[in-house]
Amino acid sequence: MSKELEQLEELKTMVGDLVKSKKRFIQLSKKRSDMCISTHTARSIDNANANLDFHAIEHDKLFRDVHACAVDCGIASPRDNYEKVEYNPSAYHRYSYQPRIPLCRQ
C-alpha cells in the first residue's frame with residue numbers, strides 16, 4: 001500500500017472516531033441538561049459536568065489530530081502554530097497537550 005493511501009486510511013479512521021466522539025458529547029450534554037437539582041443530587045450533577053468537561057477535552061484533542069492528518073493528506077491548510085495547549089477542566093486540574101504536528105511543519 002502506498003504511503004498516501006495509508007494516510008487516507010488513517011484519516012478515515014480518525015474521522016470515524018471524531019464522529020463517534022461528537023455523538024457521545026451530544027449524549028452527555030443532553031444527559032446533563034436534563035438534570036435538575038430537584039431530582040438529582042449536587043454530586044451527581046457535578047459528576048455529569050466533570051464527564052462532559054473531560055469528554056470535551058478528548059474531543060478537542062482528537063479534532064486537532066484529525067486536522068494535522070488532513071494536512072498530511074493535502075486536504076487541509078496548515079495552521080499558523082501547533083504549540084502546546086493547556087486544558088483547565090477545574091480549578092485543581094491542569095493538563096498540557098502537544099498536538100500532532102503535520103509533516104510539512106516538522
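In this predicted model, the secondary structure of the chain amounts to 2 helices and 2 strands, and these elements follow one another from the N terminus in the order α-α-β-β. One of the helices, H2, spans residues 42-73, and strand E2 covers residues 95-97.

The overall dimensions of the chain were considered next. Its radius of gyration is 17 Å, whereas a compact globule of 106 residues would be expected to have a value near 13 Å. Along the principal axes, the C-alpha atoms occupy a box of roughly 55 × 25 × 20 Å. Of the 106 residues, 27% count as buried, and the accessible surface of the chain comes to about 7500 Å², with carbon and sulfur atoms contributing 53% of that area. When contacts in the chain are restricted to those between residues at least 6 apart in sequence, 54% of them are found to join residues that are at least 24 apart.

With regard to charge, the chain carries 17 positive and 15 negative side chains, and the centres of these two sets are separated by 6 Å.

The structure contains 1 aromatic pair. This pair is formed by phenylalanine 54 and tyrosine 95, whose rings lie 5.9 Å apart from centre to centre, with 70 degrees between their planes, an arrangement that is classed as edge-to-face. The class follows from the angle, because planes over 60 degrees apart count as edge-to-face. The pair connects distant parts of the chain, since phenylalanine 54 belongs to helix H2 and tyrosine 95 to strand E2, with the two positions 41 residues apart in sequence. As for solvent accessibility, phenylalanine 54 has a relative accessibility of 34% and is therefore counted as partly exposed, and tyrosine 95, with a relative accessible area of 35%, is likewise partly exposed. Both assignments rest on the range used for this class, because partly exposed residues are those that lie between the 20% limit for buried and the 50% limit for exposed.

The residue that follows in sequence, histidine 55, is also placed in helix H2. Histidine 55 has a relative accessible area of 18% and is buried, because the term applies to residues under 20%. When neighbours within four places in sequence are left aside, the residues in contact with histidine 55 are Ser21, Arg24, Phe25 and Leu28. Helix H2 thus holds both phenylalanine 54, a partner in the aromatic pair with tyrosine 95, and histidine 55, of which the former is partly exposed and the latter buried.

Note on methods:
Residues are numbered from 1 along each chain as its sequence is written. This is a predicted model: local features need pLDDT of at least 70, side-chain atom pairs count only at pLDDT 80 or more; totals for chains, interfaces and linings use all residues. Side-chain values use heavy atoms; hydrogens and water are left out. Helices (H or I, at least four residues) and strands (E, at least two) are DSSP runs, numbered from the N terminus. The radius of gyration is taken over C-alpha atoms; the globule rule is 2.2 Å times the number of residues to the power 0.38. Buried means under 20% relative accessible area, exposed over 50%, partly exposed in between (1.4 Å probe, protein chains only). Contact means heavy atoms within 4.5 Å. Accessible areas come from the Shrake-Rupley method with a 1.4 Å probe; for residues, only the protein chains shown count as cover. Lys and Arg count as positive and Asp and Glu as negative; His and the chain ends are not counted. The place of a charge is taken as NZ of Lys, CZ of Arg, CG of Asp or CD of Glu. Rings of Phe, Tyr and Trp (its six-membered ring) pair if their centres lie within 6.5 Å; planes under 30 degrees apart count as stacked, over 60 as edge-to-face and the rest as tilted.
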